[in-house]
Amino acid sequence: MNLFTEASRNAQIVDTDLLFVGVISLLIFLLVFTLVLLFAVRYRRGSAAKRGPLPNILKREFEIGWTSATVFLALFIFWWAVALPAATSGTPAQPLEIHIYAKQWMWKVEHPNGAREINTLHLPENTPVRLLMTSQDVIHSFYVPAFRAKHDVLPDRISMLDIYPTRLGDFHLFCAEYCGTEHSNMTGHIIVMPPDGYARWRDTQPHSDSIAAEGEALFHSLGCSGCHDPASAVHAPDLHGLFGHSVPLQDGRIAVVDEAYIRDCILMPQKNVPAGYPPIMPSFSNIVDDSQIERLVAYIKSLALREP
Ligand code: CUA
């Protein structure tokens, strides 16, 4: 493994972009530098070169020519950089979702079946993976050079990072945001395994209930089910089949129900009141912590696939 190791689809895209822009820059540099040299020699003091003004027509055509050429070149680079990742990534229907909790100064990882690890992240090869990341204190940044992937991890927010590992091996994980005394030690390993090997590894790890099952238990113990159960007498939204859909809000906005939306609803219920419901839900901001919110979100997400 070296600086040039490409271990994900994104790595290949980023490297192609970089090479392309690098080659174009080099060509432009060579052109300008050659002309500078050429003119310096040709029009040096005392040379016999002709020095009168250019014919007008030539001046105008040159001007139009190089201006439009560079505009088209810049537009092409812009289109290339935007279109290429968009065409190859695409949102996979069912990415493997892994939770990452950053804190001073370690990376905590939780797999969908509840298996946990610290400063190590096992991933299956050739599988779409979505990391759902949050910080328990300050801003950190999840950085894996071999994946060409870097994403800030913020407190009170869930950041998402899609990864498609394409190479088996052990890769470095860094924190790329200065986060305190031990920032430089906030490192880890990404271990990419064959998919069946990953499944076997995950099942042999000590694990508790799945994250969604723990969320369901919380949903009852915190009293959420008292209102949100379809059989409840309280007029509260039924959460079955909700995740991933749009809901109209009281103030006329339309919100998409995703991780961030559910998180906001739990912590700041008055921010997004669904149309047709009274704003009676209390805030749970002093009651639940980040890992509990992720469990509740995982449970509500799993309800999207179930009938009431
Ligand atoms: Cu965490 Cu730097």
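Analyst: Let's start with one definition: a residue is buried under 20% relative accessible area, exposed over 50% and partly exposed in between (1.4 Å probe, protein chains only). By that rule, both E259 and K301 are buried. Bear in mind that this is a predicted model, where local features need pLDDT of at least 70, side-chain atom pairs count only at pLDDT 80 or more, and totals for chains, interfaces and linings use all residues. Residues are numbered from 1 along each chain as its sequence is written, and side-chain values use heavy atoms, with hydrogens and water left out.

User: OK, what makes K301 buried?

Analyst: Its relative accessible area is 15%, which falls under the cut-off, so K301 gets the label.

User: And why is E97 called partly exposed?

Analyst: E97 comes out at 21%, which is past the buried limit but not in the exposed range, so it lands in the middle class.

User: How do you know that K301 and E97 form a salt bridge?

Analyst: The rule wants a side-chain nitrogen of Lys or Arg within 4 Å of a carboxyl oxygen of Asp or Glu. For K301 and E97 the N to O distance is 2.6 Å, so the pair passes. K301 sits in helix α7 and E97 in strand β1, so the bridge ties together parts that are 204 residues apart in sequence. Helices (H or I, at least four residues) and strands (E, at least two) are DSSP runs, numbered from the N terminus.

User: What else does K301 pair with in a salt bridge?

Analyst: E259, at 2.5 Å from N to O. That pair joins helix α6 to helix α7, across 42 residues of sequence.

User: What makes α6 "mostly covered"?

Analyst: Just the count: 8 of the 9 residues in α6 (259-267) are buried. Among them are E259, Y261, R263 and L267. The buried residues pack against β1, β5, β8 (159-163), β11 (246-248), β12 (254-256) and α7 (290-303).

User: Why is D15 with R148 said to link distant parts of the chain?

Analyst: D15 is in helix α1 (residues 9-42), while R148 is in the loop between β6 (140-144) and β7, 133 residues away. Their side chains meet at 2.7 Å, N to O. The structure holds 12 salt bridges.

User: How do you know where domain 1 and domain 2 run?

Analyst: The bounds come from an automatic or database domain assignment. It gives domain 1 as 1-52 + 90-208 and domain 2 as 211-305. Their centres, taken over C-alpha atoms, are 33 Å apart. Using contact (heavy atoms within 4.5 Å), 16 residues from domain 1 and 9 residues from domain 2 take part.

User: What makes up the area buried between domain 1 and domain 2?

Analyst: Buried area is the accessible area (1.4 Å probe) that two parts lose on being put together, summed over both. Here the figure is about 1200 Å², with carbon and sulfur atoms giving 48%. On the domain 1 side, H99, Y101 and I158 lose the most area, together 38% of what that side buries.

User: How many salt bridges cross the interface of domain 1 and domain 2?

Analyst: The rule finds 3. As for R295 and E110, their closest N and O atoms are 2.4 Å apart, so they qualify as a salt bridge. E110, R116, E214 and R295 are linked in a network of salt bridges.

User: Why is H122 with E117 called a polar contact?

Analyst: The term needs a pair of N or O atoms within 3.5 Å; within protein, one must be able to donate a hydrogen and the other to accept it, and residues adjacent in sequence count only if both atoms are side-chain atoms. The side chains of H122 and E117 come to 2.8 Å, so the distance fits. H122 lies in strand β4 (residues 120-124) and, at 10% relative accessible area, is buried.

User: Is T134 buried or exposed?

Analyst: Buried: T134 has a relative accessible area of 0%. T134 belongs to strand β5, and a polar atom of its side chain lies 3.5 Å from the backbone oxygen of L154.

User: And what makes H151 partly exposed?

Analyst: Its 28% falls between the two limits, so H151 is neither buried nor exposed. H151 is in strand β7 (residues 149-153), and its side chain reaches the backbone oxygen of M160 at 3.4 Å.
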